[in-house]
Amino acid sequence: MDSRPEAEFEFPAWPQFDDAERIGLIRALEQGQWWRMGGSEVDSFEREFAEYHGAPHALAVTNGTHALELGLEVLGVGPGTEVIVPAFTFISSSLAVQRLGAVAVPVDIDPETYCVDVAACAAAISPRTRAIMPVHMAGQIADMDALTKLASDAGVEVIQDAAHAHGARWSGSRVGELGSIAAFSFQNGKLMTAGEGGALLLPDNDLFEAAFLRHSCGRPREDRRYFHRTSGSNYRLNEFSASILRAQLMRLDEQVELRERRWRLLRGLLAEIPGVRPQGRDERCEVNPHYMAMFRLPGWGEDRRNALVDELVARGVPAFAAFRAIYRTDGFWQGPRPDETAEEIAARCPVSEAVSQDCVWLHHRVLLASERTIHAVATLLADLLGSSPR
Ligand SMILES: *Cc1c(COP(=O)(O)O)cnc(C)c1O
């Protein structure tokens, strides 16, 4: 008999599906051709995803990490080049750069939005810089006005890591209208998912054609003579995944709207708890789809933060410790890296150091729960902090 106190919490399941996914899967199955070259689901999904985000083109790929690799590659990132990435992000942002033989240069983030700091990007630009990669942390769009201007003044590219930002809007623009490549993930936990999957939005036809070739072994769509025009690999998405993503896309707006309302409530309640500082918002981010509900416990060390996360999980709340700063992982140091030690990078990334140790995030399904549940989560947190030894 289970009588744990977390019975008060009822969070929706994730991922979600209904007859739209079922019908899509059967439709893909009955086409009789299950790869994109034979079927129509990937093509249709690309059209719908591009249109939804206001982009001229979308290219569906195997996952979000591959989307970043491919996007970087068509921008000319390779050996001898550098890409500026936030120090505080999921490791794929830097792994993708390093996989191409380029150096990932971590820079600090903003203490409120947790997105890359523009002044830090400016200071990190070198003659080898090829691109700046903002990550739209938890759905909060990075300062795209300033970053786009900085990049164009410096003659470098922007590539958006939009793995958290399906459906986001910035200053009157959708992600596909911001003028740069954007890379998305459809991994199981992301805001729309087929278990695995990814996509690029591309601002012009040349970039789309280059990415298309490289994602399909360098082979044009119509080729029947094995004439591989570019290098590349196989990053093609399959028809089943695309059929699911078409259904997921139809559900996105409604879920984004609900998460926006729930976050307003939760953010207000969290802000009232002494010692808790919810992720801040740059109001130019007109729509934030809220991939994570993030908050800091400033001054808390990593151990205390981790203990709180464990306690929340024990009480049934899907809570997680925030990303480790990328230069604090072994993986980062196995790729091409800047000519600096971890301690030197840490010294110029104090905010990433602090946030990676004092930040907690809650799964976005928390923001799909009832108002009553949101209140219960905030009350639990206040209780835990009230009883937490100082
Ligand atoms: C999830 C994620 C990725 C990678 O996506 P996958 O589909 O898991 O490869 C890249 N960047 C960020 C910020 C992510 O959260």
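Is His-166 buried or exposed? In this predicted model, His-166 has a relative accessible area of 0% and is therefore buried, since buried means under 20%. The residue sits in the loop between β5 (157–161) and β6 (169–170), and a polar atom of its side chain lies 2.9 Å from the backbone oxygen of Ser-185. Apart from neighbours within four places in sequence, His-166 is in contact with His-53, Phe-184, Ser-185, Phe-186, Lys-190, Leu-191, Met-192, Leu-252, Val-256 and Pro-289.

**The annotated site**

One of these partners, Lys-190, is covered by the annotation "active site" in an unreviewed UniProt entry. Lys-190 is placed in the loop between β8 (181–185) and β9 (198–202), and with a relative accessible area of 10% this lysine is buried as well. Beyond residues up to four places away in sequence, Lys-190 touches Trp-14, Ala-163, His-164, His-166, Ser-185, Tyr-291 and His-364. Ser-185 thus appears among the contacts of Lys-190 and also among those of His-166.

**Backbone geometry**

Trp-14, a contact of Lys-190, is joined to Pro-15 by a cis peptide bond with omega near 0°, and Pro-15 belongs to the segment before α1. Most residues other than glycine have a negative phi, and most peptide bonds are trans. Two residues that are not glycine have a positive phi in this model: Ala-138, at about 65°, and Cys-217, near 60°. Ala-138 lies in the loop between β4 (129–132) and α6 (144–154) and is buried, at a relative accessible area of 1%, whereas Cys-217 lies in the loop between α7 (205–215) and α8 (239–271) and is partly exposed, at 34%.

**His-290, Glu-260 and the salt bridges**

Ala-138 is also one of the residues in contact with His-290, which is found in the loop between β10 (277–278) and β11 (292–296) and counts as buried at 2% relative accessibility. The contacts of His-290 include Gly-139, Leu-191, Arg-259, Trp-263, Arg-281 and His-364, and a polar contact of 2.8 Å joins its side chain to that of Glu-260. Glu-260 is itself buried, with a relative accessible area of 9%.

The structure holds 27 salt bridges, and the table gives some of them.

| Salt bridge | N to O distance |
|---|---|
| Asp-143 and Arg-284 | 3.3 Å |
| Arg-281 and Glu-260 | 2.8 Å |
| Arg-315 and Glu-311 | 3.1 Å |

Asp-143 lies in the loop between β4 and α6 and Arg-284 in the loop between β10 and β11, so this pair ties together parts that are 141 residues apart in sequence. Asp-143 is partly exposed at 21% relative accessibility, and Arg-284 is partly exposed at 32%. Arg-281 is likewise in the loop between β10 and β11, while Glu-260 belongs to helix α8, so their salt bridge ties together parts that are 21 residues apart in sequence. In the pair of Arg-315 and Glu-311, the arginine is partly exposed, with a relative accessible area of 27%, and Glu-311 counts as partly exposed at 32%. Salt bridges with shared partners also join Arg-27, Glu-41, Glu-48 and Arg-246 into one network.

**A nonpolar surface patch**

On the surface, Ile-26, Leu-29 and Trp-34 form a nonpolar patch whose accessible area together is about 300 Å². Trp-34 lies in the loop between α1 (19–31) and α2 (41–53) and is partly exposed, with a relative accessible area of 46%.

Key
Residues numbered from 1 in each chain as written. Predicted model: local features only at pLDDT ≥ 70, side-chain atom pairs only at ≥ 80, totals over all residues. Heavy atoms only, no water. UniProt positions renumbered as here; feature names shortened; annotations may be inferred. Helix = DSSP H or I, 4+ residues; strand = E, 2+ residues; numbered from the N terminus. Buried < 20%, exposed > 50% of the residue type's maximum accessible area, 1.4 Å probe, protein only. Contact = heavy atoms within 4.5 Å. Patch = residues over 30% accessible without salt bridge, like charges linked within 9 Å, V, L, I, M, F, W, Y side chains within 5 Å. Areas by Shrake-Rupley, 256 points an atom, 1.4 Å probe, with all protein chains shown as cover. Salt bridge = Lys/Arg side-chain N within 4 Å of Asp/Glu carboxyl O. Polar contact = N/O pair within 3.5 Å; in protein donor to acceptor, adjacent residues only side chain to side chain.
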